[in-house]
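Me: I would like a close look at a single part of this model and at how that part sits among its surroundings. Please take your time and connect the details into one account.

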Amino acid sequence: MQKFLTFDCYGTLLHEEPTYDAVEHAAKVIGVDHKLARQRFSEYQSDRNNMHPYQDYSILTRNNLIHLDYQFGLNHQFEKYYVDVLTAHRSLTPFPEVISTLQQFIDRGYKLIMMSNSSWDIIDANAKALKVPFDIWTAEDVHAYKPDLHFFKTVNEHYGFTPENHWHIAEGYPSDIVPADKMNWPSIWVNRPHNKATTDIKPTHIIETLDQALPYLN
């Protein structure tokens, strides 16, 4: 029996902070409150209202920077850093335990599948940083961002997941754990930042680093 693991990418496998660091650096150069800029960028990027109708991740990022200009009363100042922010995002690196743990999953017979709110022009570089083979599904492939169940249903139907052959592993609680529950997928929440659940939905297991999933996956 083929076994499958689906993963969120950012925050689960790759350290996403450098993307926000690039925004903070731009704010410092521009001369505005860098902490506030980072916060507002993060909030915009995670607000699903900014993703309908569908737009590619790179366009979403550019719109976010234009929105920051508006928020701070600026004219094309943050937007000028669009390429820098995307470059930082393409250059993200894995958490220390990730590559060795992914290889152990492969050695145990699992097929690795990435489900990412990203786009084709970014995700290839991110996947190469992981150094192991992945099937890759992005928001651009399905024209929907997680937690939209269309994303989850499309991948589910493609592979024929069952509770016996598949686990979903992710850091994002609202974007991944909640919809995984709606799909009746067993899930492992990689809660690195020790966030609190925002609903009464519970994952199958909660861990702090990816290697802690190994005892649950034979």
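Reply: What follows looks at strand E4, then at the pocket and the backbone features found elsewhere in the chain.

The model is a predicted one, and each value below should be read with that in mind. Strand E4 covers residues 166-170, and since five of its five residues are buried, the strand is largely enclosed by the rest of the structure. The side chains of E4 divide between two directions, with His166, His168 and Ala170 pointing one way and Trp167 and Ile169 pointing the other way, and all of these residues are buried. Burial here refers to a relative accessible area under 20%, a cut-off that will be needed again for an arginine further on.

E4 has strand partners in E1 and E5. Strand E1, which spans residues 3-7, pairs with E4 in the parallel sense, and four bridges connect the two; within this pairing, leucine 5 has tryptophan 167 of E4 as its bridge partner. Strand E5, made up of residues 187-190, also runs parallel to E4 and is joined to it by three bridges, and here alanine 170 stands opposite tryptophan 189. Tryptophan 167 and alanine 170, which take part in these pairings with E1 and E5, point in opposite directions from E4. The connection from E4 to E5 involves helix H9, residues 173-182, and the three elements together make a right-handed β-α-β unit.

Helix H9 also leads to the largest pocket, whose volume is about 870 Å³. Of the 31 residues that line this pocket, those closest to its centre are Tyr10, Glu16, Tyr20, Glu171 and Gly172. The elements that contribute two or more residues to the lining are helix H1 (17-30), helix H2 (34-46) and H9, so that the helix of the β-α-β unit with E4 and E5 is also one of the elements bordering the pocket. In chemical character, the lining of the largest pocket comprises 11 nonpolar, 10 polar and 10 charged residues.

Helix H2 deserves a further remark, as arginine 38 lies in it. Arginine 38 has a relative accessible area of 17% and is therefore buried, and its side chain makes a polar contact with the side chain of glutamate 24 at 2.5 Å.

Several loops carry backbone features that a computational chemist may wish to inspect. Histidine 52 and proline 53 are joined by a cis peptide bond with omega of about -5 degrees, and proline 53 belongs to the loop between H2 and helix H3 (57-71). Another cis peptide bond joins lysine 146 and proline 147, with omega of about 15 degrees; proline 147 is located in the loop between helix H7 (139-142) and helix H8 (149-159).

Positive phi values occur at lysine 131 and histidine 194. Lysine 131, although not a glycine, has a phi of about 65 degrees, and this residue is in the loop between helix H6 (120-128) and strand E3 (135-138). With a relative accessible area of 66%, lysine 131 is exposed. Histidine 194, likewise a residue other than glycine, has a positive phi near 60 degrees and sits in the loop between E5 and strand E6 (205-207), which brings the account back to the strand that pairs with E4. Histidine 194 is exposed as well, its relative accessible area being 53%, whereas the residues of E4 are buried.

Definitions and conventions. Residues are numbered from 1 along each chain as its sequence is written. This is a predicted model: local features need pLDDT of at least 70, side-chain atom pairs count only at pLDDT 80 or more; totals for chains, interfaces and linings use all residues. Side-chain values use heavy atoms; hydrogens and water are left out. Buried means under 20% relative accessible area, exposed over 50%, partly exposed in between (1.4 Å probe, protein chains only). Two strands pair if DSSP finds at least two bridges between them. A crossover is right-handed if, with the strands pointing away from the viewer, the path from the first strand over the helix to the second runs clockwise. On a 1 Å grid over the protein atoms alone, a cavity is a set of points where a 1.4 Å probe fits but cannot get out, and a pocket is an open set with protein on both sides within 12 Å along at least five of seven lines; lining residues have an atom within 4 Å of a point. Grid points are joined across faces, edges and corners, and a volume is the space filled by probe spheres set on the points. Ala, Val, Leu, Ile, Met, Phe, Trp, Tyr, Cys and Pro count as nonpolar, Asp, Glu, Lys and Arg as charged, and the others, Gly among them, as polar. A polar contact is a pair of N or O atoms within 3.5 Å; within protein, one must be able to donate a hydrogen and the other to accept it, and residues adjacent in sequence count only if both atoms are side-chain atoms.
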